[in-house]
Structure formats: structure tokens, C-alpha cells
There are 2 protein chains.
Amino acid sequence: MARRTGGIRRERAGESPEETRRAILRTAQRLFMEQGYRAISTRQIAAACGLTQPALYHHFADKEELYVAVLLDNLDEVHAGLERIAARGGDVAEKLRQVVGYLPGSRQDLTQMFHDIQHELRPEDSRRLYEAFEASMIAPLASIFADGLRLGALRSPERGGVDAVTAAYLLLHLLQYQAGGGKAELSGSRWTAHRAEIIVGLMLRGLAEPGYVGLEG
Amino acid sequence: MARRTGGIRRERAGESPEETRRAILRTAQRLFMEQGYRAISTRQIAAACGLTQPALYHHFADKEELYVAVLLDNLDEVHAGLERIAARGGDVAEKLRQVVGYLPGSRQDLTQMFHDIQHELRPEDSRRLYEAFEASMIAPLASIFADGLRLGALRSPERGGVDAVTAAYLLLHLLQYQAGGGKAELSGSRWTAHRAEIIVGLMLRGLAEPGYVGLEG
DNA sequence: CCTACCGATCGGTAGG
DNA sequence: CCTACCGATCGGTAGG
């Protein structure tokens, strides 16, 4: 990419353009995920990187391209983590516990992301990101549930269960659960384990007593 | 409120200030719920009401006060609906089915609302709305689950279940579920009934086969 | 990667 | 409830 002849010197901090680009991506990821696309200005991102705002446009064509790059980066990382979990041994319950423990740590505010995809982006970017979301998150989660269905651990749709893709979406919604609706922001491994047990317990056994009836199917 | 003497005439459309205020609230509710607080400008709201933008400030002190009024109105309406369902007869499963059928129709985009409460409002408004949310939505839902726990239809926390408030939060997360993650936007009563059965089935029975083990508690 | 600057739009105010 | 307007901030560009 860069010409070798002469060696391009960089006077300021010794950072290459690639390092600057990565610093912008890292900073923008944090800000966008915390506040959303619209609430974060290009000037805020630049200032947090120690740059002026027009400098951003040397690395990204416009604000939306930067945001798309941030989201695709996020989805790639999450995809790798989920595939790793799906490939490991263990039964459905154990894999789900690991998924629940893994996803909240991955700086992914799905709620925020979906709002922006649906409301702030150009249609072609919206489509592209939705496809990346399905490939990176829905597909690996659905493969875990498909295993459970195949092995007979989960009820098939004919027996009152749901298909693997539906199960993946339901799990993603439950993953939004934090104690007190996100108000208290408890943390620590004890809470993390408790939360995992609540979500996995609901997903697999539900809340009713075994003898309870009142459901069709 | 208005003085009687002489009779205040209104030349334009015969609408009283109260009617104008209600029209603003109705219009703002639709726009804010669809797009979010930040994405909707006071000029858009005014134009949709057939007013100029400064006219809004005759009825509301500022944009945030209008938004708070919109959210409190919404929560009041939802509260009435949920209390009605909670007070009716029927077991837990039937009440939950009615809740699931009722809530999506109530123009409440919880995701949007929570984002704005957490990120866009002054702390005192944020606190006030969170309390209204707990009183209007969590409390009636928790009372349904508390009934189920008391009657022995639901597992107590000691038996691997969850408390009533936690159950209310989990249900609210599941209510965000729409086919395909909100992409396809299916509708019709057949889909509504199917969705209710999926969510209530998951809440009460989970997805595992009855004989499946691998869970603690 | 900087300084300087553009037009557009924002929430809100003045004054009638 | 209007016209007229304010200062602030937005995303993005020119030119070096």
C-alpha cells in the first residue's frame, strides 16, 4: 500500500495510518454502543482520539461508513466467540450457560444496534448489517438449538416447541435481561452465574410446576 | 380556567387550547415512539399538527416536557389495560396470553423508551419515568406471577423458579419478540395467536423435553 | 492531518 | 398563535 522508497516518516506520535484507523474504530465503537449513532457527533469521536474532526474523513468516507465498520467489527468478534462455544463439547444447557456468560461482556448493545439499523442508516447498509447479524449471531445460536432438537433434548415444534431459529431470537431477547431492568447494573461473577441460571432455566424448563396444565400442544 | 366574560372567540379552526394540546400529544406520541426523542424535531411535530414550531412552546415548556407528558400518557393507558387483565378470571396461562395479545398493540416501543430514559432525559425526569414504568407495567405483571406462585402453578425460587418481579421483567423482554426479529413485520390475528403461544409456552414450560436433565435446582 | 469555513438544522426566545 | 430571529452544533468540504 505505502511506497517503500525513502520511508514515510511520521513526526507526531509515530502512529501509522492503520493504527490511527484502528484507534478511531475502537473509540467510535465505545461511544456509539453507549449512546447510539445519532447522539454521538463526529467531533466527539475525533476529540476522544486526539484528532480534529476533518481528519476522520481521511479514514472514512462519512459518519455512516465509520458506523458500519464499527458494527461489522463487533459482529465479527461476536461471531468468533459464539462459534467457539457452539463447537465445544457439552449439552445444550451447558452451551447456553456459556453463551449467556459470554455475550453481555461483548460490548454489544443489541437494542441500540437494531434501533440504528432500522432508523438511521441507508437502506443498503441496513440490509447488509441485518445479513451480517443473522450470519454472526443467529446462525451459531440456532446451530446449538438444532443440536438439542436433533438429540431429542428439546421439544420439536410438533410437540409444542419451536424451531431452532425462533429459539435463537427468543434467547437473544432474554439476554437483554439485567437485574432490575438495567437500573442497578449489578455485576460480579456471582450475579453473572445467577443470571445465566435464570435465563437458561427459563429457556429450558420454563417457570411452571411440572404438573401444571393449561397449555395447548 | 378561561374567563367567561365576553366569551373568548377563536377564529381559526374552532379548536380550544385543550384540543390543540391533545393534538400535539397525540402527534408527538406517534413520532417519538416511531423514531425516538432525538430523531424527531420540534418543527416536525409542529408541522404534523399544522402549527408553527414556536407555537408548541405555548403548551409545553420545552421539548423534554412534551416527551415526558407523552410517555406518562402511554404508561397510564398501558397500566389500565394490564390491571384490567390482571383482575379478570382465568389461570396464569390465560392471563399471560391476554397480556401478550394486548401489549404489542399499545404503541409502546419499550426499547425506544428505555434508551431515551437512560440517555436523553434530565436525571429527575429519568427517575420519575422509571418509577412510573415500575408502577404501570412491572407491578401488574408481577401480581399475575405472584398469583401463580401463591396457587402453586409456578415454581418458587427455592424450586428453581424466579420471584414475581423477575418474571415480569423476563416477560417484558420476551414481548419484544417479533417474527424474524422485527424484519418481516407479519401481522394478523393468526400470527398474533401463534406468537402468544410461543411466548407463553416458553415462559411456562420452556423448550426442553420433560425428561431432560442438566439443570441445577 | 491541520485551519478555516460552508449550508442546514437544531431548541428556544422576542415581541406582538 | 404568528413572523422573525438567536446562538449552537451538526456533517462535510476546500485547500494546503
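**Entry 1. Strand C, contributing elements**

I began with the surface near DNA strand C, where α3(A) gives the most, with four residues. I note at the outset that the model is predicted. I then listed the elements that each supply at least two residues of this surface: α3 of chain A, together with α2 (42-49) and α3 of chain B.

**Entry 2. Strand C, surrounding residues**

I looked up how many residues surround DNA strand C and found 16. The closest are Thr52(A) from chain A and, from chain B, Arg43(B), Gln53(B), Tyr57(B) and Lys63(B). I sorted the residues of this surface by class and obtained five nonpolar, seven polar and four charged.

**Entry 3. Strand C, atoms and contacts**

I asked which part of DNA strand C the protein approaches within 4 Å. Sugar or phosphate accounts for 54% of those strand atoms, and bases account for the rest. I then examined individual side chains. For Thr52(A), I recorded a polar side-chain atom 2.6 Å from a phosphate oxygen of DNA strand C. Tyr57(B) also reaches a phosphate oxygen of this strand, with a side-chain N or O atom at 2.8 Å. For Gln53(B), the partner is a base nitrogen of DNA strand C, which lies 2.7 Å from a polar side-chain atom of the residue.

**Entry 4. Strand D, surrounding residues**

I turned to DNA strand D and found 16 residues around it. Here the closest are Arg43(A), Gln53(A), Tyr57(A) and Lys63(A) of chain A, with Thr52(B) of chain B. I classed the residues of the surface near DNA strand D as five nonpolar, seven polar and four charged.

**Entry 5. Strand D, atoms and contacts**

I repeated the atom count for DNA strand D: within 4 Å of the protein, 53% of its atoms belong to sugar or phosphate, and the rest to bases. I looked up what the side chain of Arg43(A) contacts and found a base nitrogen of DNA strand D 2.8 Å from one of its N or O atoms. The side chain of Tyr57(A) has an N or O atom 2.9 Å from a phosphate oxygen of DNA strand D. From chain B, the side chain of Thr52(B) places an N or O atom 2.6 Å from a phosphate oxygen of DNA strand D.

**Entry 6. Strand D, contributing elements**

I traced this surface back to its elements and found that α2 (42-49) and α3 (53-59) of chain A, and α3 (53-59) of chain B, give two or more residues. I record that α3(B) gives the most to the surface near DNA strand D, with four residues.

Key:
Residues are numbered from 1 along each chain as its sequence is written. Chains are lettered from A and ligands numbered from 1 in the order in which they are written. This is a predicted model: local features need pLDDT of at least 70, side-chain atom pairs count only at pLDDT 80 or more; totals for chains, interfaces and linings use all residues. Side-chain values use heavy atoms; hydrogens and water are left out. A residue is near a molecule or strand if one of its heavy atoms lies within 4 Å of it. A polar contact is a pair of N or O atoms within 3.5 Å; within protein, one must be able to donate a hydrogen and the other to accept it, and residues adjacent in sequence count only if both atoms are side-chain atoms. Ala, Val, Leu, Ile, Met, Phe, Trp, Tyr, Cys and Pro count as nonpolar, Asp, Glu, Lys and Arg as charged, and the others, Gly among them, as polar.
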